[in-house]
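Me: I am new to this structure and would like a close look at a single part of it. Please take the side of one chain that touches the other, and then say what lies around it.

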Amino acid sequence: MSLWRAGRIAAVGGAAALGLIALVAWESHARENGTEVRMAMEAFDPRNLLTGHYAAIELRDELPDGSPCPPLAEPDRRGRVWIVLRRAGDRDRVAAGFATRAEAESLGVGVVVLGRVDCQSPNAAPASRGLPTVIRTDLGVERFHADQDEAEAIERALARGGGRPVEDGRLPAAFAVISVGDDGRARLKGVIVEGRRIDLDFF
Amino acid sequence: MASYRARLERDLDRWISDGLVPAGSRAAILSEAHEPKRLDAAAALGLVGAMLLGAATIAFVAANWDGMARWLRFALVLLAFLAAVGGAAEAARRDRAHAANALLALAALIFAAALGLTGQIFDIAGDPQRLLWSAGLVAGALAAAGRSSAAAVVALALIAGGDIAREDWGPGGGLLPAPLLVLTAPLGVIAGWRWRSTPLAHVAALAWVMGLLHLVLDGGAVEISARSWLAFTFATVLAAAARARFGSGGTPPRLFYGWAVLGALLFLGVAGAQEAADAATFLHRTLWLAASLGAVVLGRADRHGFSTTVGVVSLLAAVLAILLDLGLGLMAAAGLFTAFAVLALALGWVLRGRSRP
């Protein structure tokens with residue numbers, strides 16, 4: 001009976017460990033084989049919390065001169081929609097948000113990913129003219145774990161550029177490089193700052 | 001504090017001088033008295049040394065964590081988990097039940113930390129609810145494999161954390177339409193009963209009440225009041241079933257009876273949480289007072305302190321609710337309380353009369 005119990009414990013523990021390894025392998029495979037998109041990124045601060053050094057990122061884009069917000073469907077009970085991302089210049093932008101994946105894919109363009117979108121467009125009041133439309137996107141990638149030196153160097157580079165997307169090429173913007181898998185989930189591959197790409201490497 | 005053997009020697013000398021125990025039995029009695037194993041200085045130092053070594057290892061790893069390659073960090077995390085599992089398996093093989101129990105709980109906690117750390121190491125975006133539930137289910141599997149009550153308690157705590165860690169507290173905001181605790185806590189109750197583990201039985205029963213309360217209060221198509229009445233009925237049936245097994249079931253039925261009474265009175269209170277001063281509210285308050293009194297009476301009759309206490313607290317809550325309902329209508333409140341006071345006193349007088357020879 002004791003040997004049988006020990007065997008059961010070892011089997012469950014082994015299966016759990018294999019499950020963890022399989023999770024990492026699957027995520028690595030999905031990240032490498034997904035469709036790559038670039039999304040404008042807001043400046044972030046390096047943090048040192050219990051989870052270790054990490055940099056918080058926010059996917060934030062601006063449409064010039066108060067362009068209208070992209071059409072967005074009613075979100076699901078968790079506030080998400082199926083987002084269509086389309087390439088516009090040097091980045092991918094939110095083109096529309098749909099309630100179902102099928103509707104999003106029926107558009108036939110861009111990359112479809114599940115996430116949340118918040119769009120703030122200035123009203124037509126004269127005082128607000130000239131202000132940009134701000135689109136914040138939450139694809140579940142909120143942080144980029146880097147050692148403190150690397151994170152602070154990235155932050156300084158963003159501070160030089162202000163971390164704001166610019167249109168005329170005077171200063172390079174900052175981008176998050178995201179891999180969108182067949183399951184519609186976004187996985188962070190790396191960041192691009194001042195034209196320099198920093199990739200996440202598993203090994 | 002004198003050891004047992006020293007006290008026994010003093011008592012034996014007194015009993016021998018009083019003529020209660022023959023002097024010739026002294027040596028034989030003392031030879032049967034076993035002192036409990038004590039931790040000597042060498043063993044204590046060894047334990048302290050092992051703990052300090054563990055602390056040093058953790059500090060070293062933490063200091064160098066950022067500088068390690070991702071695969072090395074992941075390997076360390078896996079190694080810690082497998083070491084705990086291996087230790088538990090070895091302890092089980094040697095029939096060291098307490099050590100196996102503790103190590104399985106440790107393994108469950110390490111796995112939960114490993115899931116979170118894996119996400120941090122590889123920047124894997126995850127849902128906190130899914131992470132906690134996954135860790136809880138693995139902890140439950142470890143508990144079942146090793147019949148470990150401690151790991152089962154860890155499992156219930158992780159699952160409860162997952163139920164709470166939902167992104168949206170509106171109707172149906174979680175991954176599942178109902179809290180997972182409602183499904184898993186009964187398994188904990190069964191395990192506590194079969195493994196004769198009092199701590200696990202307490203935790204599982206409390207977890208079940210919490211899960212049902214979460215289900216009652218969560219938004220949905222059915223009104224809260226109706227869900228509360230259903231939960232009250234269910235808990236009352238459970239309490240009755242547990243009470244029916246008082247004589248034959250040993251400790252577990254008495255334990256589950258207490259929690260079922262708490263659940264029943266809690267759901268009864270929630271069922272009438274509306275503020276309308278109508279006949280339905282009056283009936284509810286009357287039932288609440290009666291049920292609370294019944295819990296107190298049965299608790300005293302069964303010598304079940306926990307249900308007596310729950311009944312008293314529920315009685316106070318019912319009184320407070322009535323006072324809030326009636327506002328300045330104190331005459332009506334006085335009338336109702338007088339009626340129940342007369343009933344309680346009369347019942348007590350009758351019971352006292354029956355108990356006299």
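Reply: What follows goes from the chain as a whole to its contact with its partner, and then to some single residues and salt bridges.

The model is predicted. Chain B has 15 helices and zero strands. Of its 357 residues, 38% are buried. Its accessible surface is about 19,600 Å², and carbon and sulfur atoms hold 70% of that. When contacts in chain B between residues at least 6 apart in sequence are taken together, 60% of them join residues at least 24 apart.

Now the contact itself. Chain B brings 37 residues to it and chain A brings 32. The size of an interface is often given as the accessible area lost when the parts come together. Here chain B and chain A bury about 3,100 Å² between them, with 64% of this on carbon and sulfur atoms. On the chain B side, Phe122(B), Asp123(B) and Ala145(B) lose the most area to chain A, and together they account for 18% of what that side buries.

Three helices of chain B, H4 (70–93), H5 (97–121) and H6 (128–146), each supply at least two residues of the side that touches chain A. The largest share, eleven residues, comes from H4(B). Sorted by class, this side of chain B has 22 nonpolar, six polar and nine charged residues. Between chain B and chain A there are zero salt bridges, while three residue pairs are in polar contact, both residues being at pLDDT 80 or more.

Helix H4 of chain B also holds a salt bridge of its own. The side chains of Arg93(B) and Glu90(B) meet at 2.8 Å, N to O. The two residues are three apart in helix H4 of chain B, so about one helical turn separates them. Arg93(B) is partly exposed at 41% relative accessibility, and Glu90(B) is partly exposed at 30%. In helix H5 of chain B sits Ala102(B), which is partly exposed with a relative accessible area of 48%. Ala102(B) and Gly87(B) are 15 residues apart along the chain, and 10.0 Å separates their C-alpha atoms.

Over all chains the count comes to 21 salt bridges. In chain A, one of them joins Lys189(A) and Glu36(A) at 3.2 Å, N to O. Lys189(A) lies in strand S11 and Glu36(A) in strand S1 (residues 35–42), so this pair ties together parts that are 153 residues apart in sequence. Lys189(A) is buried at 13% relative accessible area, whereas Glu36(A) is partly exposed at 34%.

Another salt bridge joins the side chains of Arg91(A) and Asp90(A), at 2.9 Å, N to O. Arg91(A) is buried, with a relative accessible area of 2%, and Asp90(A) is partly exposed at 34%. A network of salt bridges links Glu27(A), Asp183(A), Arg185(A) and Arg187(A).

Asp92(A) is in strand S6 (residues 91–98) of chain A. It is buried, because its relative accessible area is 5%, under the 20% cut-off. The side chain of Asp92(A) makes a polar contact with the side chain of Arg87(A) at 3.1 Å. Beyond its neighbours within four places in sequence, Asp92(A) is in contact with residues including Val37(A), Met39(A) and Leu85(A).

Notes
Residues are numbered from 1 along each chain as its sequence is written. Chains are lettered from A and ligands numbered from 1 in the order in which they are written. Side-chain values use heavy atoms; hydrogens and water are left out. Helices (H or I, at least four residues) and strands (E, at least two) are DSSP runs, numbered from the N terminus. Buried means under 20% relative accessible area, exposed over 50%, partly exposed in between (1.4 Å probe, protein chains only). Contact means heavy atoms within 4.5 Å. Accessible areas come from the Shrake-Rupley method with a 1.4 Å probe; for residues, only the protein chains shown count as cover. Buried area is the accessible area (1.4 Å probe) that two parts lose on being put together, summed over both. A salt bridge is a side-chain nitrogen of Lys or Arg within 4 Å of a carboxyl oxygen of Asp or Glu. A polar contact is a pair of N or O atoms within 3.5 Å; within protein, one must be able to donate a hydrogen and the other to accept it, and residues adjacent in sequence count only if both atoms are side-chain atoms. Ala, Val, Leu, Ile, Met, Phe, Trp, Tyr, Cys and Pro count as nonpolar, Asp, Glu, Lys and Arg as charged, and the others, Gly among them, as polar.
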